[in-house]
Amino acid sequence: MATPGFLPDADFLDLKAEVIRRTGHHYYADKDDLLWDRLRARLRALGLTSLAALRARLENPATAEAEWAALEAAITIGETFFFRYAEQFAALRNTILPTLLSRNAASRRLRIWSAGCANGSEPYSIAILLRELLGPALEDWRITLLGTDLNAQALEAARQAEFTAWSLRALPPAERERDFVARPAARPGASATWQLRPQHRALVRFQQQNLLDLLRPDAALELHEFDLILCRNVLIYFDPAVVPALVRQLAARLQPGGWLLLGHAEPSPAFAAFLEPVSLPGTAAWRRAAGELPPLPAAAPPPPPAAPPPAAWAPLPPPPSPRAATPPAPQPPAPHPAPDLLSLVRLRADLGDLSGAAAACRDGLQHNPGDAALHYYDGLLAAAAGERDRAERGFRRAIALRQDFAMAHYQLGLLLLAGGQRQPGRRAVAAAARIAGTLPGDAPLPEGDGLSASALRATARLQLAAP
């Protein structure tokens, strides 16, 4: 673990334990810097100067409910975008959804749950897929497409179904035009947005839900008999001790033969006691077997993390004084940006804070102007903000620093094609395909958000075949 930028005091440790207890986000047990970044943003929003003052709001009955909702929204990581993980959506399009539609053809009933849906990109992507697969016959089906999340603010944004170009970065321009309506910027300096078309929005409903509540005896009764549950990259935030019980609870809410999709890092051999793994390229897929599941063991919520030894205690430092007599000694730039900085860029962008993400990029590039990944994200963020020239510079700088950066070539190609520069755009897309062709088909591409080499080649072929 990196040396923290501050030393946690008693208020921080107590609040951290309560956050983990309420949300189940054991993810923060060893990430004090990241949690402090979230808490500090909340302090600034409220005009407070101490965590003691924030704790008072959280404990005051008049403010506790609203303040906890705001804090849970601030600390929840909502990294998602449309058709994220191309190979998973290839599996859904080619295998999983056709299998379910064929099996349920007589009842014409389909129930799907996106657990940890963040801004709604995942369930809305499923809605688009279902409309493609069923066509006019969709009107004859009873579709339940449910998105749940702990973050009430993210759910409200999901219901509005209005997205920045950042959330649509995996979509070719033609599909973006087909499924979304462009909206002008709400105010000067803001980014233009895209709203999902009403026929897709109508298929999805949202509700607030903490997955940890599935372990309670009074867990929501309407969460049952699903044909498909998607719970990708959610379980990594929970205490590993409770994950098998959570997955068992998800399995109990599947129809026999129903599918469960998890993140690549989340499967465990323990799941095989109640789920059957299914081999699909680039997809962690499981199916519930026929018959009754083994009895579900009673599981207690995870215990709060152990407090560090007393020697680690120290008060939070005050902000630096503008009248400091001796400026701090200059530090040499790090040879590479800290991984947490790239995580912060992605996180802020996925939460809709494009200006904050761009500022984090600029900060990283000041310290390490030779980092290709930061230039790539600077290009992506500029493209999302409609700054085409800056976006092109970012992608080209990333390529100059790393010639084999397939995603930078591909995004540059999409940018040029969207701007009417057909020949240079096709050359950039073809370069991305050639680089991907040198890799094993299932190899994930750097900064590809799970996109594999074979999936990029297939997508590039579609772009190059377009008239």
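Strand 8 (residues 254–262) pairs with strand 10 in the antiparallel sense, over four bridges. Here strands (E, at least two residues) and helices (H or I, at least four) are DSSP runs numbered from the N terminus, and two strands count as paired if DSSP finds at least two bridges between them. Before going further, a word on the source: this is a predicted model, in which local features need pLDDT of at least 70 and side-chain atom pairs count only at pLDDT 80 or more, while totals for chains, interfaces and linings use all residues. Residues are numbered from 1 along each chain as its sequence is written, and side-chain values use heavy atoms, with hydrogens and water left out.

## The seven-stranded sheet

Let us stay with strand 10 for a moment. Within the pairing to strand 8, Trp 259 has Arg 287 of strand 10 as its bridge partner. Strand 10 also pairs with strand 9, again antiparallel, this time over five bridges. In that pairing, Pro 277 is matched with Trp 286 of strand 10. The hairpin formed by strand 9 and strand 10 has two residues between the strands, and Gly 282 takes a positive phi there, near 65 degrees. Strand 10 (residues 283–287) is largely enclosed by the rest of the structure, because four of its five residues are buried. Buried means under 20% relative accessible area, exposed means over 50%, and partly exposed is in between (1.4 Å probe, protein chains only).

These strands belong to an open sheet of seven, with the order 6-2-1-7-8-10-9 and mixed pairing. At the edges stand strand 6 (204–208) and strand 9 (276–280); each has a single partner strand, so one side of each is left without a neighbour in the sheet. From one strand to the next, the twist averages 20 degrees. Such angles run from 0 to 180 degrees between N-to-C directions, with axes fitted as lines to C-alpha atoms, for helices over the stretch in contact.

Strand 1 (residues 109–115) and strand 7 (residues 226–231) show the parallel sense, pairing over three bridges. Trp 113 stands opposite Ile 229 of strand 7. Helix 7 (residues 152–160) packs on the sheet, where it touches strand 2 (142–149) and strand 6, and its direction makes about 165 degrees with that of strand 6. Contact here means heavy atoms within 4.5 Å.

## The three-stranded sheet and Gln 195

A second description concerns an open sheet of three strands, ordered 3-5-4 with antiparallel pairing. Its edge strands are strand 3 (162–164) and strand 4 (180–183), each pairing on one side only. Neighbouring strands of this sheet are turned against each other by 35 degrees on average, direction ignored. Strand 4 and strand 5 (residues 193–196) run antiparallel and are joined by four bridges.

Which residue of strand 5 is the bridge partner of Val 181? That residue is Gln 195. Gln 195 counts as buried, at 11% relative accessibility. Its side chain makes a polar contact with the side chain of Arg 183 at 2.8 Å, and the side chain of Gln 195 also reaches the backbone oxygen of Gln 160 at 2.9 Å. A polar contact is a pair of N or O atoms within 3.5 Å; within protein, one must be able to donate a hydrogen and the other to accept it, and residues adjacent in sequence count only if both atoms are side-chain atoms. Leaving aside neighbours within four places in sequence, the contacts of Gln 195 include Ala 161, Glu 162, Asp 179, Phe 180 and Arg 201.

## Helix pairs

Two packed helices are described by the angle between their axes and the distance between the axes. The table gives both for two pairs.

| Helix pair | Axes come within | Crossing angle |
|---|---|---|
| Helix 12 (residues 354–367) and helix 13 (residues 372–384) | 10 Å | roughly 155 degrees |
| Helix 1 (residues 10–23) and helix 4 (residues 64–75) | 12 Å | roughly 90 degrees |

Helix 12 is therefore roughly antiparallel to helix 13, whereas helix 1 and helix 4 are roughly perpendicular to each other. Angles under 35 degrees count as roughly parallel, over 145 as roughly antiparallel, 65 to 115 as roughly perpendicular and the rest as oblique.

Among the residues where helix 12 meets helix 13 are Ala 357, Cys 361 and Gly 364 in helix 12, and Leu 374, Tyr 377 and Leu 381 in helix 13. Where helix 1 meets helix 4, the residues include Leu 15 and Val 19 in helix 1, and Trp 68 and Leu 71 in helix 4.
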